[in-house]
Amino acid sequence: MPLAVTIGMEPLTFASFALKGVSGADKLAVAGGLRGEPVKVVRAALTGICVPALCEYLLEGEVDATDLRTDGPLGEISGYSQSFADIPTFRVRRITHRAEPIYHALLPNGPEGDLLLRTVAEALISSQLKGRFPFAEQLHFIPTTFGSSVVVRVAKVDRELVRTLLVQLLTMGMVKKAVAVADDVDPADLGEVEWSLATRYRPAKDSIILSDLRGVPIDPSCDDTFRSGKIALDATGYSHMSNECRATLSPEAAIKADALF
């Protein structure tokens with residue numbers, strides 16, 4: 001099979017190829033949509049494959065399905081090395097590059113790769129929740145967890161609706177832990193999230209633990225088929241704290257207090 005590999009593309013085009021899409025989706029069209037204009041492309045000289053014109057390196061060749069080799073071990077975003085046996089070999093026949101090329105590499109466990117996977121997870125999950133769970137107000141994926149740990153802020157609804165939302169989040173491959181917080185909590189403020197868990201979460205009643213769900217290969221705690229146990233925590237307090245009032249400062253008083261320091 002002829003193959004062309006590009007290295008070093010501008011960020012929106014690069015991110016587009018990491019986004020989840022339906023089978024057969026044209027990722028260059030996705031990139032054009034994000035950019036607001038078509039992506040410039042050229043025909044690769046050896047294979048004739050259409051590739052982004054502004055890449056730094058272009059590798060061309062073919063995949064040899066009869067030459068199977070062990071891949072890796074390669075450093076992954078999760079901070080562990082990973083390898084796969086019996087991977088077809090890519091035989092490079094031609095290399096083209098810019099006059100002074102920049103080699104773009106995603107470093108294992110680095111902030112760029114983590115941000116990329118979190119952004120991809122948010123784009124995928126937000127689109128799936130929007131119609132079914134309109135009370136889900138905001139998603140926040142915890143940094144350094146490559147999209148596996150998410151906090152969702154929800155409007156006040158029945159407990160069962162919150163639990164249904166949490167179960168739905170757990171069935172998505174990349175999510176391993178989901179926490180629901182009330183609408184007075186900033187899901188991006190981990191101190192606020194931990195406060196919710198400390199004051200509104202009842203472990204025996206507000207926990208959901210599911211086993212044998214689809215995980216991700218970069219999670220080394222998954223089994224050989226990439227399945228894993230998952231957990232969700234309802235820290236909204238909606239079902240049992242209706243009479244409790246959170247002590248807070250008014251916005252005006254908070255501004256005055258900040259001005260004293």
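Two residues are taken to be in contact when heavy atoms of theirs lie within 4.5 Å. In this predicted model, a good place to begin is G72, a residue of strand 4. Once the neighbours within four places in sequence are set aside, G72 is in contact with Q82 and S83. With a relative accessible area of 34%, G72 falls between the limits of 20% for buried and 50% for exposed, and is therefore partly exposed. For a sense of distance, the C-alpha atoms of G72 and V152 are separated by 36 Å, and these two residues stand 80 places apart along the chain.

Strand 4, which spans residues 57-75, also holds Y57, and this residue leads on to the aromatic rings. Searching the whole structure gives 2 aromatic pairs. In one of them, the ring centres of Y57 and Y103 are 6.0 Å apart and the planes meet at 65 degrees, so this pair is edge-to-face. Distant parts of the chain are linked here: Y103 sits in the loop between strand 5 (81-97) and helix 3 (111-132), 46 residues from Y57. Y103 has a relative accessibility of 55% and so counts as exposed.

F133 and F135 also form a pair, with ring centres 5.9 Å apart. Their planes lie at 85 degrees, which is over the 60 degrees required, so this pair is edge-to-face as well. Both partners have little accessible area by the 20% limit: F133 counts as buried because its relative accessibility is 4%, and F135, at 11%, counts as buried too.

Terms used. Residues numbered from 1 in each chain as written. Predicted model: local features only at pLDDT ≥ 70, side-chain atom pairs only at ≥ 80, totals over all residues. Heavy atoms only, no water. Phe/Tyr/Trp six-rings, centres within 6.5 Å; stacked < 30°, edge-to-face > 60°. Helix = DSSP H or I, 4+ residues; strand = E, 2+ residues; numbered from the N terminus. Buried < 20%, exposed > 50% of the residue type's maximum accessible area, 1.4 Å probe, protein only.
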